[in-house]
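The exercises below are meant to be worked with the sequence and the coordinates open side by side. Try each task before reading the solution that follows.

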Amino acid sequence: MNNDTLQGFREAFANAKHIIVIAGAGLSAASGIPTFRDGGGMWRSLDATSLATPEAFHENPSLVWQFYHYRRQKALQAETNTAHKILAKLAIPHYLKKVAPAAKSMHLITQNVDRLSVRALDDLEKELEEQGLKGPSYRARTGSVVQMHGKLFEVQCTKCDWRAEDFSTPLCPALGHVEANIQDYTDAGSKNHDIPISLLPHCPECQELARPGVVWFGEKPYHLDQINSLVFKADMCLVIGTSSTVHPAAGYAFRVRRRHGHVAIFNLYPSEKDENASSLFRGACEDILPQVFPELADPYQALPHAPQESRTVRRGGKMFGFQCHLDGGVKDLPPIDFSLALIKCSEEYHNSTMKSYIQNAHNLTSPSQVCIVGTHRDLIVQDYGWGYLASRKQSSRATFYDGTPYLQLNCLDIDDVQVVCEYIVDTVTATPGTPTSPRSLSLSSIIFDIKHHVLDYVARVFSLPIPNNVNLDKPDDGQLDDQAVDHLLSSSYADTWREGLRTRVKSNWPTRAMPTHRISQNVIVKRNDKNERDATDYIRLHTHIPVPQIYHRNLENWTAFQFIEGEMLLECLHKKSLFMQFRIACTLRLYLTQLHSLKGFAPGRLHNPGVVSGPLFDNSARGPFHPFSSFQAWCEVVALQGWADTVAYQKTLGMPQQLPLEPPTGKPWKLNYAHGDLNFANIILSKDGVLWLVDWAESGFYPRGYDAAVLAYFEEGPSFWQRMRSFIAGSEGGLTHDRFWSFFHSGLCRRFLSDYVYGVCLGPPQVPRDT
């Protein structure tokens with residue numbers, strides 16, 4: 001956290017008179033409430049946001065009520081987290097004056113319907129009253145929490161004005177019966193549990209069908225007059241746990257900033273609304289708020305009277321002393337240098353007990369000084385049972401879910417304990433910015449480098465020729481606008497070419513639905529894709545790979561490309577001689593070598609960094625992933641899940657001798673540029689013998705071996721070509737990477753993966769955490 005940013009914010013907060021907090025789903029994420037707008041975007045394999053509409057309720061009230069029954073269950077089981085508790089204290093004048101002595105009012109405007117903010121405030125007021133602290137200074141002002149999207153536990157009639165809060169569960173026996181028959185909501189798949197309307201909740205006054213008392217998409221939020229008045233007066237606005245994409249709440253921060261108020265944004269991911277921020281704090285709100293308001297944070301959430309253990313370790317010629325608080329800590333705990341969360345390595349990661357241990361560890365010190373330790377390693381038997389498979393997945397899941405390193409040990413083995421102590425010393429005493437040591441040269445690495453240099457030389461000798469001016473821009477051929485393109489698309493010339501293309505690629509698409517259209521002798525058009533435009537220009541500028549030029553850049557709805565007269569490898573490769581196939585393979589090797597020399601720092605697209613897509617991602621946009629390490633962790637979690645599912649399935653078939661090797665994980669990735677969709681339809685051999693790569697819409701920065709894995713995914717070409725694939729991919733290819741991406745794709749497509757792993761940003765990437 002930037003100290004200047006923190007100091008500037010605290011000074012502005014101390015002088016603020018009217019404070020508002022705009023809270024979104026990220027506030028409750030740490031309490032286990034699914035956000036349904038990011039990685040938890042699916043419920044029973046359905047887009048959860050599509051169920052939160054009046055139309056969905058009208059069409060299928062049974063399914064919508066089951067969805068909200070699930071949400072009610074999750075909210076009832078959830079506990080308020082640190083962020084809820086700090087915001088509750090800000091609503092109490094006694095605590096507010098500690099951090100904002102000039103404040104006259106503080107209101108929390110929440111988009112959440114889970115009631116956790118209200119519960120945190122109620123619990124705090126009850127605790128203060130039990131301590132004998134009464135009076136206005138220890139009570140929140142009426143209306144301090146404004147629930148603009150309604151209340152999850154409120155039920156309202158669809159016809160009359162009746163509404164009431166009801167915390168009973170289930171609301172009706174039929175909902176409880178469905179719940180009893182679904183052991184895992186994330187594994188419900190396409191199961192249909194249709195409840196007759198007569199058995200759903202009904203109004204006790206008029207007997208009509210009742211609905212959840214929440215605001216659905218397309219409906220008007222509650223308390224807008226009060227909220228508009230608060231926003232108008234506010235000179236301080238905290239935006240917490242929301243990417244500000246749902247209106248009208250999305251505009252409140254801008255209105256405060258426009259009136260010269262101070263806007264502080266607390267969010268896990270960047271968003272386009274960050275430009276409104278006077279102060280920007282990146283991270284989970286349950287981690288950041290205690291650092292911003294340490295006066296309001298509970299110093300330690302730990303068990304009292306913990307036993308202690310002392311230990312010394314020699315490291316680097318020095319002695320280091322440890323005072324270990326084995327059960328979590330005591331009330332008067334001294335400053336903690338490092339925190340360990342001990343979990344059983346054979347348990348499924350992130351159960352409720354495990355989450356509380358990890359949260360306590362994070363509460364004790366900074367995130368970089370926390371490590372998760374899997375214990376009882378000596379009890380793990382390599383029998384490929386559930387315990388063993390769970391232990392193999394924990395390291396990647398610790399990185400993905402908690403951004404925390406993971407070690408596995410036997411607590412009774414003094415050598416294992418020594419390893420943990422040395423790790424703690426190395427982490428605590430590490431100097432920021434210390435350069436990493438260069439790669440050590442071994443005989444095998446030298447032989448590897450020599451081998452690939454020789455193969456690169458062979459590729460250069462036998463590759464197809466590339467004209468020197470192949471990527472030199474040529475002037476547009478006449479004038480063209482979107483209206484003219486629309487007219488040309490309906491011409492017989494365009495229809496004839498589309499039908500020919502459809503036949504050549506053996507597509508089942510209707511002729512008019514083909515993605516590429518030839519409208520003149522030299523021009524083809526595709527629907528405008530900003531990433532493809534950026535990628536085309538990027539590759540033409542930084543490489544000598546033949547890539548069709550973009551014409552008529554004035555077009556808004558379409559992108560016009562240079563037409564390449566020739567044949568796709570899809571239709572001509574099998575007709576070529578083995579020597580010509582070899583020359584094509586040599587040319588592609590040189591092209592991929594050029595691509596892999598382009599390095600990046602954010603995965604995926606040029607246009608929208610952090611968002612990944614393509615055939616290995618089920619042709620869906622996933623992300624954004626910030627930082628890059630979260631992308632690697634997610635991929636490893638999914639690949640390991642795919643591997644574990646494959647192992648379990650093969651064991652049920654009685655084939656233990658054929659159990660697949662575990663995909664490689666843990667080694668830090670480096671990002672190289674990749675075409676991302678390298679199939680035979682996107683490689684064209686022109687009539688003049690030049691090999692062109694087209695369709696760069698899925699290109700971007702991806703880890704080593706990605707293009708090779710895409711080549712393997714399509715499994716096209718003659719048998720000789722399949723044997724040449726590792727040669728084409730160069731040092732980036734190999735069976736190891738194929739195995740990883742094969743399991744990744746398998747894991748991504750499994751319907752019984754957990755919502756969070758399977759659905760990381762299945763929807764549009766611009767909503768990383770919202771209601």
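**Exercise 1.** In this predicted model, work out the strand order of the open sheet that contains β14, β15 and β16, and state which strands stand at its edges.

*Solution.* Begin with the order, which is β14-β15-β16, with parallel pairing in this open sheet of three strands. Next, look for strands that pair on one side only: these are β14 (339–344) and β16 (406–408), the edge strands. Then consider the geometry, in which neighbouring strands are turned by 25 degrees against each other on average, direction ignored. For the pairing itself, follow β14 and strand β15 (residues 370–375), which are joined in the parallel sense over six bridges; Ala341 stands opposite Ile372 in β15. Finally, add the helix that packs on this sheet, α14 (residues 386–402), which touches β14, β15 and β16 and whose direction makes about 160 degrees with that of β16.

**Exercise 2.** Sort the residues of β14 into those of its covered face and those of its uncovered face.

*Solution.* The covered face carries Ser339, Ala341 and Ile343, whereas Leu340, Leu342 and Lys344 belong to the uncovered one. Ala341, the residue that stands opposite Ile372 in β15, is thus found on the covered face.

**Exercise 3.** Describe the open sheet built from β6, β7 and β8, and explain why β7 and β8 each have one side without a neighbour in the sheet.

*Solution.* The three strands are arranged in the order β7-β6-β8, and the pairing is antiparallel. Since β7 (163–165) and β8 (210–214) stand at the edges and each has a single partner strand, one side of each is left without a neighbour in the sheet. The average turn between neighbouring strands here is 35 degrees, direction ignored. Strand β6 (residues 150–157) pairs with β8 in the antiparallel sense over four bridges, and Cys157 has Ala210 in β8 as its bridge partner. To complete the picture, place helix α5 (residues 61–77) across β6 and β8, running at about 140 degrees to β6.

**Exercise 4.** Determine which residues of helix α10 are buried, and on which side or sides of the helix they lie.

*Solution.* In α10 (residues 224–233), the buried residues are Leu224, Ile227, Leu230 and Val231. Because they cover an arc of only 125 degrees around the axis, they lie on the same side of α10. The elements that cover these buried residues include β1 (18–23), β4 (105–110), β5 (145–147) and α11 (252–258). On the face turned away from the buried side are the exposed residues Asp225 and Phe232, and the charged end of Arg259 sits over the ring of Phe232, 4.6 Å from its centre.

**Exercise 5.** Classify the aromatic pair formed by Tyr538 and Tyr673, and place both residues in the chain.

*Solution.* The structure holds 36 aromatic pairs. In the pair of Tyr538 and Tyr673, the centres are 5.3 Å apart and the planes make 45 degrees, which makes the pair tilted, because that class holds the planes that are neither under 30 degrees apart nor over 60. Tyr538 lies in helix α19 (residues 530–542) and Tyr673 in strand β23 (residues 671–674), so that the pair links distant parts of the chain, 135 residues apart. Both Tyr538 and Tyr673 are buried. Elsewhere, ring pairs link a cluster that includes Phe617, Trp634, Tyr702 and Phe744, and the charged end of Arg527 sits over the ring of Trp558, 4.0 Å from its centre.

Methods:
Residues numbered from 1 in each chain as written. Predicted model: local features only at pLDDT ≥ 70, side-chain atom pairs only at ≥ 80, totals over all residues. Heavy atoms only, no water. Pairing = 2+ DSSP bridges. Helix = DSSP H or I, 4+ residues; strand = E, 2+ residues; numbered from the N terminus. Axes fitted to C-alpha atoms, helices over the stretch in contact; angles between N-to-C directions. Contact = heavy atoms within 4.5 Å. Phe/Tyr/Trp six-rings, centres within 6.5 Å; stacked < 30°, edge-to-face > 60°. Buried < 20%, exposed > 50% of the residue type's maximum accessible area, 1.4 Å probe, protein only. Lys NZ or Arg CZ within 6 Å of the ring centre and 35° of its normal. Arc of directions from axis to C-beta.
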